[in-house]
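Here is a walk through a predicted model, one piece at a time. Keep the structure open and turn it as you read.

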Amino acid sequence: MDELCSVVSLEWRTSKVFELTVERNGVEFTPGDSFAIFAGDGNESRPYSVASGTDEPTLRFLIQQLPDGIVSNYLSELRPGDKIRLSEPFGWFHPGKNTSDEPLVFIATGTGIAPFLSYLRAYPDKGPVVCLYGVRYFEDALDLDFLKSSCDVRLVISREDGHIYHKGRVTDLLPSLDLLAGTHFYLCGLDAMIDDVSAWLEGTGGIDFSHIHREVFFHAPS
Amino acid sequence: MLHLDREDWVKTSDGDSRGYIQPQRLDELWFHTGTNCNLRCPFCLEGSKPGDNRISFLTLEDVRPFITEALELGVKNFSFTGGEPFVNPDMVRILDLALTHRSCMVLSNATEPLMNRINEVLPLINKPNDLSFRVSLDFPNPEKHDEGRGKGNFRRSLNTLGRLHSFGFHVSIARLIANGEDVEAVNREYVPFFESAGLPADLRIVAFPDFFPPDSLPEIPQITENCMTSYLNAEQRDEMMCNFSKMIVKKNDRAGVYACTLVDDDHDYDLADTLKESMEVRVMLKHHRCYSCFAYGASCSEVS
């Protein structure tokens, strides 16, 4: 059954991305799960991956405001105390689910970092994890200090010079990965990045596709 | 069902007795998994789009009693359509249950939702019954296909088809028929694409006429009782989907039994709460899509 949850806070993290924190109401979830969040009383909803850890008292979501986004624009105007409707958690993209101690590689772009933040917050002692994280501008890198303290994060910036980080695309860093036997790769973000990374891993990298786990944002043509 | 005696249900606008099918059997049961879809195709006969919950996600618990009842009625096959079925969180669990009893077919766009869950889907090859996928490749032209379905989606669907085929699943494609086209010539244009994805050149292609978006009211001839015997023989009447098929649709937290896959935008075709009750109801050929079945023998089924 859907839950009515109170908004705890809404914080803009970049010029286009805000973090929405809502009451948890005892809901159990697994890192990587999504919740459908509804715009008001209507039928429109969008799935958002939870970014918070499983021990936290609230649910946190990283939401990109889209120019014509019915749901993201509605959510961006919420105030503390407002009620929103959430589905039960659901999903099949669960970082680390199929492994015990095998190495993990996380590859994300933009707000696709959310399920990995949830995993790292839920399992601070598990590892090792390498995380390739692609953003357009440095300010788009979410929770970078936390990521640095939690895993081997390798930031890639596509549209800005002047930083110590690699300028380009996450695919540029794929040859630098140690493709150790048993490694599972978890990919979350835009379809083009995930198609490119999957093709490289399966082709050049020789990785069996059962070790490649995808969570693609659904961007519908208008 | 209050509408069953209503004048416009049983009579055409000209006052003639409306043509109908009295269902004979239940060979096939369809489940509408929900109108939520990752794509927003302008020609979608369901009008599905992202976040669209006009028809809700069916859950495993919604489906379970209908599977039990359908088995009692001798069903041969379960089929699933949306929206995009793999957007539905319960889809793989539903298939796991259904495949325990009968073969299943899923209509999918084979893009991100299915690609994301491919590792969940592949173990279904070990179920006791066959799972097949029918994937939409609207035109044998990637650019034209992507105009409606989004950039890169022809290639994604084709790659997913190839992967499913390589693992032993049955696959086929669905496409649109253009007015006056040479069906066989258009089908041949798909062959190089099939071969590039490791698919057989003679892959089954199911071509459909334009069914128009939901709530459309195109002007079509009305089907009278007399038409059913003047233009169709007994075998043709027998092959109409509503004679041997039903679809489960969930709206407003209630799962109901609809007459077929093409009429869920018309509440009059919500026939009953149970399959047994629905089998007693005459299906009046009132919907504009009924004419496509009547005139062209269109059928979503792969059973008949």
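Chain A comes in two parts: domain 1 covers residues 3-86, and domain 2 covers 104-216. Measure between their C-alpha centres in this predicted model and you get 23 Å. Where the two domains of chain A touch, domain 1 puts in 13 residues and domain 2 puts in twelve residues. On the domain 1 side of that contact you'll find five nonpolar, seven polar and one charged residue.

Now go into domain 2 of chain A and pick out helix α4, residues 191-202. With twelve residues at 1.5 Å apiece, α4(A) should span 16 Å, and its end C-alpha atoms are indeed 16 Å apart. Which of its residues are buried? They are D191(A), M193(A), I194(A), V197(A), S198(A) and L201(A). Look down the axis and these residues take up an arc of only 155°, so they sit on the same side of α4(A). And what does that side pack against? From chain A there are the strands β7 (104-109), β8 (129-135), β11 (184-189) and β12 (212-216). Chain B joins in too, with its own α4 (112-116).

Two loops of chain A are worth a stop. One of them runs between α4 and β12 and holds G206(A). This glycine counts as exposed because just 8 other C-beta atoms lie within 10 Å of its own, and 12 or fewer is the cut-off. G206(A) and L179(A) are 27 residues apart along the chain, and their C-alpha atoms are separated by 9.0 Å. The other loop links β8 to α3 (144-150) of chain A, and D143(A) lies in it. D143(A) isn't a glycine, yet it has a positive phi of about 55°. Is D143(A) buried or exposed? It has 21 other C-beta atoms within 10 Å, and 20 or more is what it takes, so D143(A) is buried.

Next, bring the two chains together. The contact between them takes 18 residues from chain A and 18 residues from chain B. On the chain A side, β4 (45-49) and β12 are the elements that give two or more residues. Of everything on that side, β12(A) gives the most, with four residues. Sorted by class, the chain A side has eight nonpolar, five polar and five charged residues. You've already met β12(A), as one of the elements packed against the buried residues of α4(A).

That leaves chain B itself. Its secondary structure adds up to 14 helices and eleven strands. A compact globule of 304 residues would have a radius of gyration near 19 Å, and chain B has 19 Å, so the two agree. Along the principal axes, the C-alpha atoms of chain B fill a box of roughly 55 × 45 × 35 Å. Buried residues account for 43% of the 304 residues in this chain. Take the contacts in chain B between residues at least 6 apart in sequence: 75% of them join residues at least 24 apart.

For a helix to set beside α4(A), try α2 (residues 60-72) of chain B. Its 13 residues reach 19 Å from first C-alpha to last, close to the 18 Å expected at 1.5 Å a residue. V63(B), F66(B), I67(B) and A70(B) are buried here. Viewed down the axis, the buried residues of α2(B) fall within an arc of 110°, so they line one face of the helix. What covers them includes β2 (28-32), α3, β8 (245-251) and α13 (275-278) of chain B. Turn to the other side of α2(B) and you'll see E61(B), T68(B) and E72(B), which are exposed. Just after this helix, G74(B) takes a positive phi of about 85°.

Finish with two backbone details in chain B. The peptide bond from G82(B) to G83(B) is cis, with omega near 15°, and G83(B) belongs to the loop between β3 (77-81) and α3 (91-101). A110(B) is in the loop between β4 (103-108) and α4 of chain B. This alanine has a positive phi of about 55° although it is not a glycine. A110(B) has 29 C-beta neighbours inside 10 Å, so it counts as buried.

Methods. Residues numbered from 1 in each chain as written. Chains lettered and ligands numbered in written order. Predicted model: local features only at pLDDT ≥ 70, side-chain atom pairs only at ≥ 80, totals over all residues. Expected span 1.5 Å × (residues − 1). Arc of directions from axis to C-beta. Contact = placed C-beta atoms within 7 Å. Domains from an automatic or database assignment. Nonpolar A, V, L, I, M, F, W, Y, C, P; charged D, E, K, R; others polar. Rg over C-alpha atoms; globule rule 2.2 N^0.38 Å.
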